[in-house]
Each structure stands twice: as structure tokens, then as C-alpha cells.
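Welcome, and take a moment to turn the model around before reading on. This report walks through how its parts meet, with the charged side chains as a guide.

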Amino acid sequence: MFDTSVSGLLNVAGRHPALQVGAIVLGTFVLEDAATVLAALQAQAGAIWVWLALGSLYVGIVAGDIGLYGLGKLAAMFPWAHRWIPSERVQRSQRWLKPRVFKVVVISRFLPGARLPTYTACGFLGANFKTFTLATSLATLIWTTALFTLSLRVGRVMQEHLGVWRWAGAVGFVVFIIVAGRIAAKLQDGNEMIDGKK
């Protein structure tokens, strides 16, 4: 399972900062919320410095977001990708997105399941890269800091009350975060379908 593999990477990394950073950054490419929770729990346990964990999360998540933008930009270079979307629709979408890039990127950070299609579309539509990067950096700073802080507090409670069983509680907390995100995404999709039928 993901949580044990990231914890295992952090344990192997021991107290070597470069290895710890690498383990966290790689973890964000797999499941960033789970990586955030586990990095916070490791920081709470004293296995990694808090600021090193948080900084590594920022770097990994923003790099992943820029990677999604890059995938969209790359897809726009291939003619076959343009067959799916008529050019007039692309131009209309570009005009709509241009003044709203910052807001769209920030909002999508907080909507489960929205980042992949939104950030890739930003790249495909040629949204301003500097604005995109600024928006994703700010949104990551807010979201990741909030989740990391919550996880530190949960980790403290688990350490005080669960003792050696705290890692079982940590697994449960990670699973809860992942499942809650999936449920929120499905509810959002369901609401969009209902709104579309009205």
C-alpha cells in the first residue's frame, strides 16, 4: 500500500535530508494528499524536520502541477489532439480562460478530481505559464499547509493516545483522506449531472 511504501522510503532515508526530500517529492507524484499526511506524521515522530518535510511537499506538488500543464502543452503540438476539439471551440475556450487563469487554477486545487483536467487544459489552451505557476504555488501553499498542520495535530493525538498503534491510526487517517476526496469528487460529478439535466 502507498502509505507503507512512503513510510518505508522515509525510514530507509533515515536522517539523510537529501534522501528524505527525494522520498517525499516522489510520494507527491503518486498521491499528494497521502504523502502530505505521512510526511507530517513522520515530522511529528521526529523522523524529519517539519520545514524540510513541508518544503519538499511544496516542491513535489508544484512540480507535478507544472508537469500536468506541460502534458497539455505537449498534446497541443500534435495534430491528432486537435481532431477531438474543433478549432473554434479551442479559440472560444482560450478567450474565456485568458482573464480567469489565476482563479480557475486556485479553485481547482480545492475541488477533488479537478486538477488533472484543468491543469492539462491550461497547457493545451496555452494559458499564461507565469500566471499558472503563481496560482498553483499559492494554492499549494494554502492547501498543503492546512492539511500538513491538521495531520501534525492528528499525529500528536495518535501518539499520545495510541502509542505503538499510532501507525495503524495513521493508515486509517490516510485512507479516510483518500476516500473523502473520492466521495467529494463523486458528489460533485453527481451535482453537475443533475444541474445539466435541469
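Among contacts in the chain between residues at least 6 apart in sequence, 79% join residues at least 24 apart. Please keep in mind that this is a predicted model. The chain has ten helices and zero strands, and reading along the sequence gives the pattern α-α-α-α-α-α-α-α-α-α. Of its 198 residues, 36% count as buried.

## Helices that meet

Let us begin with helix α8, which covers residues 115–124. The axis of helix α7 (residues 101–109) comes within 9 Å of the axis of α8, and the two cross at roughly 160°. Angles over 145 degrees count as roughly antiparallel, and α7 and α8 are therefore roughly antiparallel to each other. Their crossing is left-handed. On the α7 side, the residues that take part are V104, V105, S108 and R109, and they meet R115, T118, Y119 and C122 of α8. Sorted by class, the residues of this contact are four nonpolar, two polar and two charged.

Helix α8 also packs against helix α4 (residues 50–76), with the axes 6 Å apart and an angle of about 50°. The helices α4 and α8 are therefore oblique to each other, and they cross in a right-handed way. In this contact, D65, L68, Y69, L71, G72, K73, A75 and A76 of α4 meet R115, L116, Y119, T120, C122, G123 and F124 of α8. Here the residues divide into nine nonpolar, three polar and three charged.

A further pair is found earlier in the sequence: helix α2 (residues 17–30) packs against α3 at an angle of about 145°, and their axes are 6 Å apart. From α2 come I24, G27, T28 and V30, which meet E32, A35 and A39 in α3. This contact of α2 with α3 has four nonpolar, two polar and one charged residues.

## A network of charges

Some of the residues just named turn up again in another role. Side chains of opposite charge can pair when their charged atoms come close. How many salt bridges does the structure hold? There are four salt bridges in the structure, and three of them are listed here.

| Salt bridge | Closest N to O distance |
|---|---|
| E32 and R109 | 2.3 Å |
| E32 and R115 | 3.1 Å |
| R115 and D65 | 2.9 Å |

What do these pairs hold together? Take the salt bridge between E32 and R109 to start with, whose closest N and O atoms are 2.3 Å apart. E32 lies in helix α3 (residues 32–44) and R109 in helix α7, so the pair ties together parts that are 77 residues apart in sequence. Both partners, E32 and R109, are buried.

E32 also forms a salt bridge with R115, at 3.1 Å between the closest N and O atoms. With E32 in helix α3 and R115 in helix α8, the pair ties together parts that are 83 residues apart in sequence.

R115 in turn has a salt bridge with D65, 2.9 Å from N to O. R115 belongs to helix α8 and D65 to helix α4, so this pair ties together parts that are 50 residues apart in sequence. Together, E32, D65, R109 and R115 are linked in a network of salt bridges.

Is E32 buried or exposed? Since buried means under 20% relative accessible area, E32 is buried with its relative accessible area of 11%. D65 is buried too, with a relative accessible area of 0%. Leaving aside neighbours within four places in sequence, E32 is in contact with G27, I61, R109 and R115.

## The loop between α7 and α8

One last stop is F110, which lies in the loop between α7 and α8. At 36% relative accessibility, F110 counts as partly exposed. Which residues does F110 touch, not counting residues up to four places away in sequence? They are A139, I142 and W143. F110 and A139 are 29 residues apart in sequence, and their C-alpha atoms are 8.2 Å apart in space.

Definitions and conventions: Residues numbered from 1 in each chain as written. Predicted model: local features only at pLDDT ≥ 70, side-chain atom pairs only at ≥ 80, totals over all residues. Heavy atoms only, no water. Axes fitted to C-alpha atoms, helices over the stretch in contact; angles between N-to-C directions. Helix = DSSP H or I, 4+ residues; strand = E, 2+ residues; numbered from the N terminus. Parallel < 35°, antiparallel > 145°, perpendicular 65-115°, else oblique. Left-handed = near helix turned anticlockwise from the far one by under 90°. Contact = heavy atoms within 4.5 Å. Nonpolar A, V, L, I, M, F, W, Y, C, P; charged D, E, K, R; others polar. Salt bridge = Lys/Arg side-chain N within 4 Å of Asp/Glu carboxyl O. Buried < 20%, exposed > 50% of the residue type's maximum accessible area, 1.4 Å probe, protein only.
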